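Here are my notes after a pass through the model you sent. They are numbered so you can reply point by point.

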Amino acid sequence: MSAHALTIHEAGELLRAGDLSSAELTRAILERIHRLDPRVRAYLRVVPEAALAQAEQADAHLARWRREGGALPPRLLGIPLAIKDILCTRGIPTTCGSRILENFVPPYDATAVERLKAQGAVVLGKTNTDEFAMGSSTENSAYFTTRNPWDLSRVPGGSSGGSAAAVAADMALGALGSDTGGSVRQPAGLCGVVGLKPTYGRVSRWGLVAFASSLDQIGPIAKDVRDCAILLQAIAGHDPRDSTSVDAPVPDYLAALEGGIRGLRVGVPREYFVEGVQAGVADAVRAALRVLEGLGATLVEVSLPHTEYALPAYYLIAPAEASANLARYDGVKYGLSVRESADVWDMIRRTRGQGFGPEVKRRIMLGTYALSAGYYDAYYLRAQKTRTLIRQDFDRAFQQVDVLACPVSPTVAFPIGERAEDPLQMYLSDVFTLACSLAGVCGISVPCGFADGLPVGLQIIGNVFDEPTVLRVAYAYEQATDWHTRKPKLDEEV
Amino acid sequence: MPLSLQQVEHIAELAKLALTDEEKERYRLQLSAILEYADMLQRLDLDGVPPMSHAVALTNITRPDEPAASSPRDEILANTPDHKDGLIRVRPILE
């Protein structure tokens with residue numbers, strides 16, 4: 001098998017055995033990026049020299065370990081990974097897919113990036129995203145739209161579409177994304193890879209450029225569930241620099257994969273199997289439920305009665321928080337600054353007017369309105385109360401069942417341009433991922449088949465901090481199927 | 001009820017966004033449509049329901065107030081649009 005097609009755990013074994021060097025592996029991936037990314041456009045920036053230097057350091061570490069023995073090297077040592085361009089990377093420009101941060105070079109690494117580097121991982125570059133993670137297709141990136149590796153005329157999903165496309169096209173062994181309302185799970189589903197949104201507070205948000213602070217979580221995107229567990233293990237855990245990161249012990253996520261799911265109760269929320277779901281998507285997800293049943297799980301129909309209110313609540317809460325978070329882009333401390341202006345306020349208005357793209361401005365406007373005097377009670381406060389009801393739906397469901405299983409997205413990847421002009425239509429692509437985000441619980445997307453030749457994702461949602469059970473169900477399903485081994489046919493088109 | 005142009009201009013000023021006339025009209029229509037959709041929240045009986053601000057309730061997160069290393073000054077200044085003598089320069093706020 002070619003090096004680029006390896007998973008993290010496969011490459012790790014070869015690296016430790018000395019059958020493959022990190023420099024060889026990294027070079028193979030960089031060559032593949034050079035060859036394929038002009039068509040897929042997953043990366044906003046690739047850093048080959050820095051990546052090869054990190055790879056050589058990893059090789060030196062591995063050689064020393066083989067010679068002298070000692071503690072087993074970290075699982076990510078020498079593994080080439082991609083980072084969504086909304087996570088700060090020291091010395092590498094971090095644009096958030098926005099013109100307003102075109103020249104911003106962070107003086108520090110995000111905690112999650114720092115933890116990958118502490119294991120000796122190789123950072124390949126920064127992947128494309130909808131501007132400030134606001135979108136479901138990467139079409140809101142100020143730079144370009146990433147293509148779905150399964151069909152280059154379609155979107156990869158978003159906002160972490162660059163990370164998902166890079167992993168699906170074997171242009172990285174794994175990646176980090178961020179998920180505010182589905183931005184890891186939806187692109188993972190649409191690109192046929194695995195993506196996990198951890199419980200809110202499980203992963204430090206320090207150095208993750210803020211979109212909606214009560215919802216944002218960093219999550220791994222990987223080729224299989226074991227790799228996803230390896231990445232989560234690396235980034236999870238308390239960080240004093242993020243006061244919302246929870247100081248709770250981090251379980252052994254790899255040990256959690258084993259044991260099977262016999263006797264486990266899998267809830268099937270009826271609100272997620274409704275009209276409007278593409279027939280092929282519903283079929284693939286129902287077939288996946290039967291596989292879980294065949295593995296010994298019990299399917300239980302449950303109800304999350306406030307599901308339909310997740311979308312309106314989310315599209316008030318997230319923009320409200322965004323309008324506050326994005327107030328920092330004022331042309332003073334960093335980023336774009338329009339200096340041809342009458343006074344300081346004019347400078348701020350023009351900087352923001354020119355620097356932000358249409359969707360970001362739309363959400364700032366919406367959020368400002370929802371928070372403004374006279375509308376706060378009717379919109380923002382109402383949405384926050386609705387959020388309580390949505391959380392209570394999950395609390396009740398998890399008294400009956402261990403996990404929930406449902407589609408990730410109502411459709412497969414849609415054609416580029418199809419939803420770009422209609423914001424509400426675009427927001428509907430997140431309809432099955434928003435409630436999980438609002439409730440703060442965890443969820444994973446695993447490949448569960450194809451509809452019209454395009455990947456379908458199965459979403460498994462777990463209670464707060466129950467990533468171990470979610471990963472175990474996902475792993476059991478994956479071991480019983482071979483969807484995760486299917487690859488898009490990019491090479492043959494060259 | 002659709003937003004008026006005056007409301008759109010008021011919101012843009014609160015958000016400190018310079019918008020073109022075309023943008024104002026587009027956002028007027030799009031925000032009106034989104035808010036109309038969001039009106040479905042008015043159907044819910046929310047009396048006595050507490051608002052939820054965070055998924056995991058944490059209170060009073062504190063740390064010792066101890067001096068620690070910060071980011072290097074030259075790297076911070078390298079990102080500023082304009083600086084002089086180690087300070088960030090801005091337009092006068094009071095003339």
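1. Start with the loop between α2 (21–38) and α3 (73–78) of chain B, where you'll find Asn60(B). This is a predicted model, and in it Asn60(B) has a positive phi of about 50° although it is not a glycine. With a relative accessible area of 72%, Asn60(B) is exposed. For background, most residues other than glycine have a negative phi, and most peptide bonds are trans.

2. Chain A has a residue of this kind too: Asp452(A), not a glycine, shows a positive phi near 55°. Look for Asp452(A) in the loop between β10 (442–451) and β11 (454–462) of chain A. That loop belongs to the hairpin of β10(A) and β11(A), with 2 residues between the strands. Is Asp452(A) buried or exposed? Its relative accessibility is 69%, so Asp452(A) counts as exposed.

3. While you're at that hairpin, follow its strands. β10(A) and β11(A) run antiparallel and are joined by 8 bridges, with Cys442(A) standing opposite Gly462(A) in β11(A). β10(A) also pairs with strand β5 (residues 194–197) of chain A, again in the antiparallel sense, over 3 bridges. Here Gly195(A) is the residue opposite Ser445(A) in β10(A). How many residues of β10(A) are buried? The count is 9 of its 10, making the strand mostly covered.

4. One peptide bond to check by eye: the one from Gly158(A) to Ser159(A) is cis, and its omega is near 10°. Ser159(A) sits in the loop between β3 (122–127) and α5 (161–168) of chain A.

5. Next, strand β7 (residues 265–269) of chain A, which has 4 of its 5 residues buried and is mostly covered. β7(A) pairs with strand β8 (residues 298–302) of chain A in the parallel sense, over 5 bridges. Val268(A) has Glu301(A) as its bridge partner in β8(A). Helix α8 (residues 279–294) of chain A completes a right-handed β-α-β unit with β7(A) and β8(A). β7(A) is also joined by 2 bridges to strand β9 (residues 403–407) of chain A, and these two run parallel. In that pairing, Val266(A) stands opposite Val403(A) in β9(A).

6. Now the open space. The largest pocket has a volume of about 430 Å³. Its lining has 20 residues, and Cys88(A), Phe104(A), Tyr108(A), Arg328(A) and Tyr334(A) lie nearest its centre. By type, the lining divides into 13 nonpolar, 3 polar and 4 charged residues. Where does this pocket lie relative to domain 1 (3–260) and domain 2 (308–385) of chain A? Both domains give residues to the lining, so the largest pocket lies between them.

7. Last, the enclosed space. There are 5 cavities of 30 Å³ or more in the structure, and the largest has a volume of about 60 Å³. That largest cavity is lined by 13 residues, with Gly135(A), Gly181(A), Ser183(A), Tyr314(A) and Asp430(A) nearest its centre. Its lining is made up of 4 nonpolar, 7 polar and 2 charged residues. Domain 1 (3–260) and domain 2 (308–385) of chain A both contribute to the lining of the largest cavity, so this cavity lies between them.

Note on methods:
Residues are numbered from 1 along each chain as its sequence is written. Chains are lettered from A and ligands numbered from 1 in the order in which they are written. This is a predicted model: local features need pLDDT of at least 70, side-chain atom pairs count only at pLDDT 80 or more; totals for chains, interfaces and linings use all residues. Side-chain values use heavy atoms; hydrogens and water are left out. Buried means under 20% relative accessible area, exposed over 50%, partly exposed in between (1.4 Å probe, protein chains only). Two strands pair if DSSP finds at least two bridges between them. A crossover is right-handed if, with the strands pointing away from the viewer, the path from the first strand over the helix to the second runs clockwise. On a 1 Å grid over the protein atoms alone, a cavity is a set of points where a 1.4 Å probe fits but cannot get out, and a pocket is an open set with protein on both sides within 12 Å along at least five of seven lines; lining residues have an atom within 4 Å of a point. Grid points are joined across faces, edges and corners, and a volume is the space filled by probe spheres set on the points. Ala, Val, Leu, Ile, Met, Phe, Trp, Tyr, Cys and Pro count as nonpolar, Asp, Glu, Lys and Arg as charged, and the others, Gly among them, as polar. Domain bounds come from an automatic or database domain assignment.
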